[in-house]
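Colleague: I have this model open and would love a close look at a single part of it. Could you walk me through one piece and its surroundings?

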Amino acid sequence: MTTIRREVLTLPAAPLGPDNPLPPLRPLDEAHRIDARDRAALPREMARQVGYAPLRSLLPAPVRDGYGRVREPREFDALVLENDRLRATVLPALGGRVTSLFHKPTDRELLYVNPVLQPANFALNGAWFSGGIEWNIGATGHTTLSCSPVHAARVPAPDGGEMLRLWEWERLRDLPFQVDLWLPEGSDFLCVGVRIRNPHERPVPTYWWSNIAVPEDRRVLAPADEAWLFGYERRLRRVPVPSYDGADRTYPRNSAYAADWFYEVPDGRRRWIAALDADGHGLVQTSTDVLRGRKLFVWGTGPGGRRWQEWLTEPGTGGYCEIQAGLARTQLEHVKLEAESEVSWLEAYGPLDADPEGEWHGVLRGAEDRLEAALPRAEVDAAYREWLRHADAEPGERLAAGSGWGALEVVRTGWKLPGTPFDEATLGDEQRPWLHLLHAGSLPEPDHHAPPGGTLVARPWRDMLETAAATPAAEYHLGVAQWHEGDRAQAVRSWERGLDRATARWPLLRCLAVADREDGHDERAADRYAEAFDDLCARARGGADGSSRTAGAPGTGEAGDLPQTAAGADGATWTAATAALGGEAIGALLAVGRTADARSVWERLPPAVRARGRFRLTEAALLAAEGRSERARAVFDEGFEVADLREGDEVIGRLWAALGDEPLPARYDFRMRPGGD
């Protein structure tokens, strides 16, 4: 039976750094959107789910862009589940990621194990890392919880042993979920029970994909003759499996560019996907039928795909692909979860030995027979029914703590969620202003005029903000909630009212600048960004009473520009605010040709911020706008790494092309589609 123990895992890791303190008001820069030409050809259910409640913004989740690329050994608390056959290693502080699944009888690792932890800009809100098994809930894309802690505890397992329960509150859709993992005695399969609840009195869109990283020198098998192919050209089309366009695409290395292959598994067919090496050894994932979708993601063999592989780990460690399982046919869809209901299923992960070579249907029959012998379909269904009887079991020993957002919602609503307690003890500094609003009807101003904290945008919180005292903080947060709801005119009015009484004006000015840019008022946006940055610098140089709070002058260093009240952890927040606002301001000023004003902002950024790869790229763009192309080219020659380069973003290639006709150097080539800039 499963035993659970604590361990410490040491990995070369880049620190996550502080979150971006500016609310993400702009629309999602999401690569996974369908070209309008392809929508008419979709099956009716699929078309309905593709168009159902797409995510409008990241709110209330913050953007996580404070990480770099300097890796040093770092310790991570790990939870290890083990029986006599398998050993699974879980990182509760990083979304509950299963980083290793080791089969002891054959001495084989079944997953792709990343030897480093390198955040990259692939999650919906930024920081994500590759490898292992990840649990994606929320909306199209990698979950905002990719690099966030989840709650963990021991729970009685269906077979009488121990089960590891992971649970959290998903903030984009305001849904609690749980993931229960256990290893039955003598079993070669890790069992995973998943449940998503909707406690609201209205339907809520939901999304789930379990992503499994495996070495890419595999053949991927799934019971399908067709797949929906989606690439970074944003085209979705139905194609045959296994061969398409002259190559067998079930071998990941036969694709030149990054692509998703969503397999069309027929109704009634067992749901499974496997990745086998040339000798027929590998991993299989299967589930109850609710988890209907299966997918292969490949990076491709082109220079951009290989560069991304190196970027996410380190050269020489071997490439990987992902096999995945989800609630819908594709990751472009969201499923309706009815009011006061839940959806649940059981997954199983384990070794599979089968012949991967030969005629497609014969290979599938052989693999499916071996899977049925190792883990009968009826046994999976029975295990699911048995697990449901334990899904509400109250957790025992707590092994890790997640966020306090679930506890805040439970305090607000009084919801009873058996099996997933969100204890008041988990409430922290982030929730404290909102507790005050809930109990006292007012929102406190930030201490020492610090950058405002995160905001809540769900309708109940917006209603409370509308009746709260109209302080600058309340007007700021109310405007963000109204903006999220699509009520832009009201948002602007709220921010303008707050601005009339605010001492620290820059957070409100920045919101108004974003609104201006979205409405096409680029000159006014540039004015407001410039004023906002001036105000932030004034706050950094002195307090509200104008007294000096720093030992250094602007631009002398990261700490020299920050109030003494912002020393330590708060100092990192001020630096993050300066970097985020400065970057946006430079972009807005360059958009209207105000290079001198953009240069002024650049020169007031702390030197350590200007040295970051993102700002080296900004410097090159600024130099190019000033007509100093040779100096801009020198920035490229000197070298930089944009740690938070977004998946699918071609900004580096576009700027390079504007500076000359030479081919893009390999170190800057992250192109994920044919003909990319």
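Modeller: Happy to! Let's take the loop between β25 (335–337) and β26, where E340 lies. Bear in mind that this is a predicted model. The phi of E340 is near 50°, a positive value in a residue other than glycine. With a relative accessible area of 59%, E340 is exposed, because the cut-off for that class is over 50%.

Step from this loop into strand β26 (residues 341–353) and the setting changes to the largest nonpolar core, to which the strand gives six residues, the largest share. That core has 82 residues, and W135, L164, L181, I196, W208 and Y263 are those with the most contacts inside it. A second, separate core is made up of 43 residues, including A481, L536, C537 and V609. As background, nonpolar side chains in soluble globular proteins tend to be buried together.

For a backbone parallel to E340, try D245, which also shows a positive phi, about 55°, without being a glycine. D245 sits in the loop between β18 and β19 (247–248). Its relative accessibility is 63%, so D245 counts as exposed.

Just before β18 (243–244) there is another backbone detail to inspect: P242 is placed in the loop that links β17 (236–240) to this strand. The peptide bond from V241 to P242 is cis, and its omega is near 10°. A cis peptide bond also joins L59 and P60, with omega about 5°. In that case the proline, P60, is found in the loop between α2 (44–50) and β2 (72–82).

Conventions: Residues numbered from 1 in each chain as written. Predicted model: local features only at pLDDT ≥ 70, side-chain atom pairs only at ≥ 80, totals over all residues. Heavy atoms only, no water. Core = buried A, V, L, I, M, F, W, Y, C linked by side-chain atoms within 4.5 Å. Buried < 20%, exposed > 50% of the residue type's maximum accessible area, 1.4 Å probe, protein only. Helix = DSSP H or I, 4+ residues; strand = E, 2+ residues; numbered from the N terminus.
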